[in-house]
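This report covers a ligand site, the nonpolar cores and one helix residue.

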Amino acid sequence: MNNIYADTPENIQKAAACIINGGLVAFPTETVYGLGANVYNARAVANIFAAKQRPHFDPLISHIADVDFLKEYAATDERVFALAKRFWPGPLTFVLRRIEENPSIDLACSGLRTLTVRMPDHPMALALIKAAGVPIVAPSANKYQSISPTTAQHVADGLGDKVDMILDGGACKVGVESTILDLTSKQAVMLRAGGTAKEDIEAFLGEKIILSEGNPNLPTAPGQLLRHYAPKNTLRINITTPEADEFFIGFGACNGDLNLSKRGDLHEAAANLFAYLRLADAQAQHGKIAIAPIPQIGLGLAINDRIRRASYKK
Ligand code: TXA
Ligand code: MG
């Protein structure tokens, strides 16, 4: 079944109708492809978890195209709007306190007292949200614990006909998921390193933010599970001299079968990361992959976080 749809106004309208009617639409964002549903439709939200084969419910990110949605559901202040003005649309997700009992978004929020929300920086995503007229909740459009999709074809390979439509907006330009920032208290806490660099947020706020490593035995986020983003083959990280039988993913001067970024650019490396993990999975002859060291600055935090979890042995 070919359910990949090109970027046309007709297809976006069709996808919006599908969302409104309770269907599942995979759509591109600047980070990774999302598996979207109408935030107000609990049955559709439940179907997301079934399609992903995620064993439990878990709070989802609401994708919005208009900042005003926040006022309806979340406790906002100057800091929230200033951050939104500076970083939205873009790969930064806020965790905010919910202000009122509004059962219509309970399942999307997993019953928590918080709302998780971002405005994606992709014209097709924004057009879809506007056409649907509702926030679209979406986790990454991949099966539980597998590698996040950065092309429409990745979504089709992983989820196939479990999704009604896949909108094709090309390869994702950021390539790792959004940074998640908990703003429920005075001290901002980063729950997941991602496409917005910690340094950029700190420079804007003029204060340090705490990086939460999470408790692996009690994850607040599957992204905090030790094993996540998992390739089929074994993966070793921080390797400068790979074994002869390892498929080697290089970085900068440390060259390999593939190179995340020959010029050592962390944005380029992030954009290539998930696609290269898939390629390595398909091409490794001996079931083994190794990755060169990635500097722990800027988007390197997100890259190192993902490959560390991908390398975790069961
Ligand atoms: O870039 C992204 O963020 C992509 C695109 C599609 O927007 N979305 C994405 O969603 O990565 P997902 O569901 O795969 O990852 C969101 C993570 C989950 O691990 C979830 O547990 C965590 O965020 N999360 C959501 N709300 C939370 C909350 N209130 N408190 C703690 N963690 C939360
Ligand atoms: Mg995910």
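## Basis and Arg308

Helices here are DSSP runs of H or I with at least four residues, numbered from the N terminus. The model is predicted. By that numbering, Arg308 belongs to helix 9, which spans residues 300–311.

Arg308 has a relative accessible area of 39%. Buried means under 20% and exposed over 50%, with partly exposed in between, so Arg308 counts as partly exposed. Between the C-alpha atoms of Arg308 and Leu235 the distance is 9.0 Å, although 73 residues separate the two along the chain.

## Ligand 1: polar contacts and cover

Three side chains place a polar atom close to ligand 1 as follows. For Ser178, a side-chain N or O atom is 2.5 Å from an oxygen atom of ligand 1. For Arg118, a polar side-chain atom is 3.0 Å from an oxygen atom of the ligand. For Thr114, the partner on ligand 1 is a nitrogen atom, 3.0 Å from an N or O atom of the side chain.

On its own, ligand 1 has 680 Å² of accessible area, and the protein covers 95% of this. Two elements each give two or more residues to the shell around the ligand: strand 6 (114–118) and strand 10 (189–192).

## Ligand 1: composition of the shell

The shell of ligand 1 holds 25 residues, and the closest are Thr31, His63, Thr116, Ser178 and Arg192. Strand 6 supplies the largest share, with 3 residues.

By residue class, the shell around ligand 1 consists of 11 nonpolar, 9 polar and 5 charged residues.

## Nonpolar cores

The largest nonpolar core has 47 residues, of which Trp88, Phe94 and Leu181 touch the most other members. Two or more residues of this core come from each of strand 3 (34–38), helix 2 (42–52), helix 3 (68–73), helix 4 (78–87), strand 5 (92–97), strand 6 and helix 6 (152–159). Helix 2 gives the largest share, 5 residues. Strand 6 thus appears both in this core and in the shell around ligand 1.

Leaving aside residues up to four places away in sequence, Trp88 touches Ile64, Val67, Leu70, Leu83, Phe94, Val117, Arg118 and Met119. Among these contacts is Arg118, the residue with a polar side-chain atom 3.0 Å from an oxygen atom of ligand 1.

Another core lies apart from the largest one; this second core has 34 residues, including Ile239, Leu258, Tyr276 and Ala310. Ala310 falls within the residue range of helix 9, 300–311.

Methods. Residues numbered from 1 in each chain as written. Chains lettered and ligands numbered in written order. Predicted model: local features only at pLDDT ≥ 70, side-chain atom pairs only at ≥ 80, totals over all residues. Heavy atoms only, no water. Buried < 20%, exposed > 50% of the residue type's maximum accessible area, 1.4 Å probe, protein only. Near = heavy atom within 4 Å. Polar contact = N/O pair within 3.5 Å; in protein donor to acceptor, adjacent residues only side chain to side chain. Areas by Shrake-Rupley, 256 points an atom, 1.4 Å probe, with all protein chains shown as cover. Nonpolar A, V, L, I, M, F, W, Y, C, P; charged D, E, K, R; others polar. Core = buried A, V, L, I, M, F, W, Y, C linked by side-chain atoms within 4.5 Å. Contact = heavy atoms within 4.5 Å.
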